[in-house]
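Please work through the following exercises with the model open beside you, trying each task before reading its solution.

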Amino acid sequence: MDYPFYAMLSRMRYITRWSLMRNTFSENIQEHSHQVAVLAHALALIRRDVLGLDADPERCATAALFHDASEILTGDLPTPIKYYDTGIRDAYRAVERTSCEKLLSMLPPALQDGVRAPLFESDETVRPIVKAADKLSAHIKCIEELKAGNLEFEAAARQTKKALEEMRLPELDWFMENCLGAFSRNLDELETL
């Protein structure tokens, strides 16, 4: 019997993000999930190794890899609609849960519990880090678009920066102070830092 779960995951590359915006380069949810995983791992490392607080970088990275898996079946609903009101937000969360359950059913039973944990991450020390990494990835996209001269992302850059600041996560604040500036530099500038 063929189990299609991993073949379905590979289709993340076909789901484009930022569909309502004019982009200088497109971004799909596979690329986005990879970046969110790297950022979640970084934030958890900062939390644990710089700030001396409890964090599990590997668990955060794994949860981030799967954080948008439901969009394989649902597509990427634009933020202005997804969060328009609580009714739409709650209904979309139910659709996401159903999508994740459908994906889990595509695995052999012996693997389902191992994938269920990161797919439905509920640990209150992991979820805020993944959420921060997700928003940070969106802000980095805005920075890169602005760096390319695309003013379409000015408002999104302001909104995502404000949302990041309002999270009040010390590991996120540390990253923004010490790492975020490099994303607005070109390759030559990065090599001379």
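A salt bridge is defined here as a side-chain nitrogen of Lys or Arg within 4 Å of a carboxyl oxygen of Asp or Glu. The model is predicted, so that local features need pLDDT of at least 70 and side-chain atom pairs count only at pLDDT 80 or more, while totals for chains, interfaces and linings use all residues. Residues are numbered from 1 along each chain as its sequence is written, and side-chain values use heavy atoms, with hydrogens and water left out.

**Exercise 1. Find the partner of Arg47 in a salt bridge, and state where the two residues lie.**

Step one is to recall that side chains of opposite charge can pair when their charged atoms come close. Step two is the distance: Arg47 pairs with Glu171, and their closest N and O atoms are 3.2 Å apart. Step three places the partners, with Arg47 in helix H2 and Glu171 in helix H10, so that the bridge links distant parts of the chain, 124 residues apart. Helices here are DSSP runs (H or I, at least four residues), numbered from the N terminus. Step four concerns exposure, for which buried means under 20% relative accessible area, exposed over 50%, and partly exposed in between (1.4 Å probe, protein chains only). Glu171 has a relative accessible area of 1% and is therefore buried.

**Exercise 2. Compare the settings of the salt bridges Glu121 to Arg59 and Glu124 to Arg127.**

Begin with the side chains of Glu121 and Arg59, which meet at 2.8 Å, N to O. Glu121 belongs to the loop between helix H7 (109-119) and H8, and Arg59 to helix H3 (residues 57-66), so this bridge ties together parts that are 62 residues apart in sequence. Within this pair, Glu121 is buried because its relative accessible area is 14%, whereas Arg59, at 35%, is partly exposed.

Turn next to Glu124 and Arg127, whose side chains meet at 2.9 Å, N to O. Here Glu124 is exposed, with a relative accessible area of 55%, and Arg127 is partly exposed, with 42%.

To finish the survey, note that the structure holds 11 salt bridges, and that Arg17, Glu27 and Asp68 are linked in a network of such bridges.

**Exercise 3. Describe the surroundings of Glu145, and decide whether this residue is buried or exposed.**

First, locate Glu145 in helix H8. Second, assign its class: a relative accessibility of 0% means that Glu145 counts as buried. Third, list its contacts, where contact means heavy atoms within 4.5 Å. Leaving aside residues up to four places away in sequence, Glu145 touches Asn23, Thr24, Phe25, Asn150 and Phe153.

**Exercise 4. Identify the residues other than glycine, Trp18 and Arg168, by their phi values, and contrast their exposure.**

Start with the backbone, where phi is positive in both cases, near 60° for Trp18 and near 55° for Arg168. Continue with location: Trp18 is found in the loop between helix H1 (5-9) and helix H2 (29-50), and Arg168 in the loop between helix H9 (154-167) and helix H10 (170-178). Conclude with accessibility, since Trp18 is buried at a relative accessible area of 16%, while Arg168 is exposed at 64%.

Terms used:
Helices (H or I, at least four residues) and strands (E, at least two) are DSSP runs, numbered from the N terminus.
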